Amino acid sequence: MDRKSPFDIMAQLGSLRRYARVLTRNDADVEDLVQDALLRAHERRDSFRKGGDLRLWLMSILHNAFIDGARARRAERQRETAAARLAPQAL
């Protein structure tokens with residue numbers, strides 16, 4: 001008897017990678033984003049509702065990981081710009 005687990009993440013990898021590619025538009029960042037999302041999903045696995053839509057839950061986590069990363073990169077650029085303005089100019 002071959003029953004699929006209600007928490008079968010492996011079956012969702014293709015969809016996660018496709019969505020990550022759409023978000024990042026960069027093949028080099030796809031696996032990093034998917035890995036980050038899967039780590040978050042594992043850490044929060046107790047928040048998955050029994051009978052819920054696993055694909056939707058994982059896509060939401062992936063999307064939020066992408067947004068968090070974009071915000072972090074933007075904040076880093078702002079800090080670097082501010083630091084460059086404060087640094088003494090080379091003579």
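**Exercise 1. Place Arg-40 in the chain, state whether Arg-40 is buried or exposed, and list what Arg-40 touches.**

Step 1. Arg-40 is part of helix H2, which covers residues 27-43. Helices are DSSP runs of H or I with at least four residues, strands are runs of E with at least two, and both are numbered from the N terminus.

Step 2. The model is predicted, so local features need pLDDT of at least 70 and side-chain atom pairs count only at pLDDT 80 or more, while totals for chains, interfaces and linings use all residues. Residues are numbered from 1 along each chain as its sequence is written, and side-chain values use heavy atoms, with hydrogens and water left out.

Step 3. The relative accessible area of Arg-40 is 19%, so Arg-40 is buried. Buried means under 20% relative accessible area, exposed over 50%, and partly exposed in between, with a 1.4 Å probe and protein chains only.

Step 4. Not counting residues up to four places away in sequence, Arg-40 touches Ile-61, Asn-64, Ala-65 and Asp-68; contact means heavy atoms within 4.5 Å.

Step 5. The side chains of Arg-40 and Asp-68 are also joined by a polar contact of 2.9 Å. A polar contact is a pair of N or O atoms within 3.5 Å; within protein, one must be able to donate a hydrogen and the other to accept it, and residues adjacent in sequence count only if both atoms are side-chain atoms.

**Exercise 2. Determine where Gln-12 and Arg-25 are found, and whether each counts as buried or exposed.**

Step 1. Gln-12 is found in the segment before helix H1 (13-24).

Step 2. Gln-12 has 16% relative accessibility and therefore counts as buried. Its contacts, leaving aside neighbours within four places in sequence, are Leu-54, Arg-55 and Leu-58.

Step 3. Arg-25 is found in the loop between H1 and H2. With 75% relative accessibility, Arg-25 counts as exposed.

Step 4. Arg-25 is not a glycine, yet has a positive phi of about 55 degrees.

**Exercise 3. Describe Asp-29 and give the separation of its C-alpha atom from that of Ala-84.**

Step 1. Asp-29 is found in helix H2, and its relative accessibility of 34% makes it partly exposed.

Step 2. Asp-29 and Ala-84 are 55 residues apart along the chain, and their C-alpha atoms are separated by 27 Å.

**Exercise 4. Describe the chain as a whole: its helices and its spread.**

Step 1. The chain has three helices and zero strands, in the pattern α-α-α along the sequence.

Step 2. The radius of gyration is 18 Å, well over the 12 Å that the globule rule gives for 91 residues, so the chain is more spread out than a compact globule. This radius is taken over C-alpha atoms, and the rule is 2.2 Å times the number of residues to the power 0.38.

Step 3. Along the principal axes, the C-alpha atoms fill a box of roughly 75 × 25 × 15 Å.

Step 4. Of the 91 residues, 26% are buried.
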